Amino acid sequence: MADEQTPKVESNDYWKSNVRLIFGCLFVWALVSYGFAILLRPLLSGIAVGGTDLGFWFAQQGSILTFIVITFFYAWRMNSLDKKYGLGE
Amino acid sequence: MSQYAINLLFVGASFALYIGIAIWARAGSAKDFYVAGGGVHPITNGMATAADWMSAASFISMAGLLASGGYANSSFLMGWTGGYVLLAMLLAPYLRKFGKFTVPDFIGDRYYSRTARLLAVICLIIASVTYVIGQMTGAGVAFSRFLEVSNTWGIWIAALIVFLYAVFGGMKGITYTQVAQYVVLIIAYTIPAVFISLELTGNPIPGLGLFSDYKEAGEPLLTKLDDVIVALGFHDYTADIDNKLNMVLFTLSLMVGTAGLPHVIIRFFTVPKVADARWSAGWALVFIALLYLTAPAVGAMARLNLMTTVYPEMVGENYEQAALNPIYYENRPEWIKTWEETGLITFDDKNDDGRIQVYNDKNEEFAPVAAERNWKGNELYVNNDILVLANPEIANLPPWVIGLIAAGGIAAALSTAAGLLLAISSAISHDLIKTMINPGISEKSEMLTARISMGGSILLATYLGLNPPGFAAQTVALAFGIAGASLFPVLMMGIFSKRMNNVGAVAGMLTGLCATLLYIFTYLGWFFIPGTNMLPNTPDNWIFGISPLSFGAVGAILNFTVAFLVSRVTAAPPQHIQDLVESVRYPKGAGKSIVH
């Protein structure tokens, strides 16, 4: 990779923190949708929610609500990273 | 005032509003025309994005899809929202920093390749044209149902309105009309849903009502729904499914497709700063979620409502007895009569007993029960699309709510059509003409070209709306498949890999595009011509049980893999391209970067 050629070490850290943050957010993103709502649904079938189970709730509502939280969390964290590295506008 | 006059008043008033906004927000420069001047507030843009995104299909069809498919169709909910998470973290902020006007602009510059730019333009046009046909036909249906004009006239009126505000206002006019259209469509969608939820569960918030108790029976609404439809031989609404691989891939295809659709991406070029692009994606999700959290409630409640209308005794516990006593056709409620006139509800008394039998006549295990009851087949056919449109009538709401639904359905179709038409025309005027054919063109001539391409695209969309080709119905397979398998991966690699080069990107795009088209055509026919499919489109013929609608995700994986391998054995991109990648990663200076 050409990343090593980056002249500023600090901004390289900024990009690495961004990528780490993205991985964390995508983990939660995948966990609630592909995990809880689809693949892990049988494991959650014991938890009753309004006439059905938690997996169904994640499939129809929970994942969407989590997506909103992830997106705002990412924006908030990135904006403070921008400030920390003096890259904000 | 008659219902017709009320509908006319609501739709007319909404049109006057859109045109008023267009006059106020007239585009004065190329930057106005392509990216609304680049000064749209993130919340405003979030709202406009939600209207841009929620099409006639979201407004009219999604509740019906959820009602008929139950749990299995949750993919639409997760797929069409989860894509915004990808957009917010992997594409939107960096493309905003890049600071140009179109999606092919980025691909062409980043991969220093005319071929890549041209391929991106082609993918954009196929995906957007497929998508826009559905909007034109959707507007036609809404017009013909509520304003009693023919479908053809409906499509022409829709085209004229879009022409007025999109050609003159460009992205600036479109942005502010989309905000107005969002407000109209969300109110129209929510009001009837609140009343139905109150009626069935006593909870005014439909999303909570879905998981509350059904008032009549004192048990959870979903339990009641499961019991009622299973008693009639239908598949359990909330039950888990076997083919999880396909559900995962279908959801993923919708997500990467959503993130790769150009008309959605360009909305994020209109905000002032990189930070705004991030916030804006969150706001877009909030505004989309208001409808998407209501839709599953509308679907489940409307389905239960329909069943208890046909079988009044299903409200109680004795399903066996209730199934024997459906209503007589002559006693059917008024709203069934209204919709019978449109042909979207039809009745056929197959066993001549004068009653309406609704059940799943395709369920072989249920066949002996049906035979014992002397049922000769399902007798009431209800088109899925009417659930939302008929909601106010089913819930006995006042006539102005129906007028609002008419205006809302049309708003959903027009707002998406305008966004798509802008994506198509800017790819033609900016990428094909300005960048590839005549770079010396003045800003004034470029804007004129953009307006002419917009006019031409509207005419094309109108023609295709009037004469829908075979691919029009395949929006999910074709538009999402292409956006996900060809555009999304190269956009993402263009930002996250400095090593990705022109040859790799072109090879990846071609692989993703061709593999996806090949798989779709194998099951749905070559160019969707009926009868030319090489394998029947049934689950047992799908490779590893992957449906053609789910293949976009596989196409995207192939695209990533091929691009990676090819780029490793060919020359690294030149230094100025690596510097470009470096610059899109850091937000500073986005406001100044639009230099054209």
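**A first walk through chains A and B**

Hi everyone, let's start with the smaller topic list: chain A has 2 helices and 2 strands. Here helices (H or I, at least four residues) and strands (E, at least two) are DSSP runs, numbered from the N terminus. Reading from the N terminus, the order of elements in chain A is α-β-β-α.

A quick word on the source. This is a predicted model, where local features need pLDDT of at least 70 and side-chain atom pairs count only at pLDDT 80 or more, while totals for chains, interfaces and linings use all residues. Residues are numbered from 1 along each chain as its sequence is written, and chains are lettered from A and ligands numbered from 1 in the order in which they are written.

Of the 89 residues in chain A, 33% are buried. A residue is buried if 20 or more other C-beta atoms lie within 10 Å of its own, exposed if 12 or fewer, and partly exposed in between, with C-beta atoms placed from the backbone. Among chain A contacts between residues at least 6 apart in sequence, 55% join residues at least 24 apart. Two residues are in contact if their C-beta atoms, placed from the backbone, lie within 7 Å.

Now, how many residues does each chain bring to the contact? Chain B gives 46 residues and chain A gives 40 residues. On the side of chain B that touches chain A, the elements giving two or more residues are α5 (74-98), α10 (221-231), α11 (244-260), α13 (274-292) and α24 (575-585) of chain B. That side of chain B divides into 26 nonpolar, 11 polar and 9 charged residues. For those classes, Ala, Val, Leu, Ile, Met, Phe, Trp, Tyr, Cys and Pro count as nonpolar, Asp, Glu, Lys and Arg as charged, and the others, Gly among them, as polar.

Let's move to helix α1 of chain B, residues 3-24. Its 22 residues reach 32 Å from first C-alpha to last, close to the 32 Å expected at 1.5 Å a residue; the expected span is 1.5 Å times one less than the number of residues. Which residues of α1(B) are buried? They are Asn7(B), Phe10(B), Val11(B), Ser14(B), Tyr18(B), Ile21(B) and Ala22(B). These residues lie on the same side of α1(B) because they cover an arc of only 115 degrees around the axis, the arc being that of the directions from the helix axis to the C-beta atoms. On the other side, Ala5(B), Gly12(B), Ala13(B), Ala16(B), Ile23(B) and Trp24(B) are exposed. The cover over the buried residues of α1(B) includes α7 (114-146), α8 (151-201) and α19 (399-437) of chain B.

Helix α7 of chain B also holds Ala120(B). Ala120(B) counts as buried because 28 other C-beta atoms lie within 10 Å. Leaving out residues up to four places away in sequence, Ala120(B) touches Val103(B), Pro104(B), Ile107(B), Gly108(B) and Leu487(B).

Just before that helix comes a loop, between α6 (103-110) and α7 of chain B, and Tyr112(B) is found in this loop. Tyr112(B) has a positive phi of about 35 degrees although it is not a glycine. Is Tyr112(B) buried, exposed or partly exposed? With 16 other C-beta atoms within 10 Å, Tyr112(B) is partly exposed. Thanks for listening!
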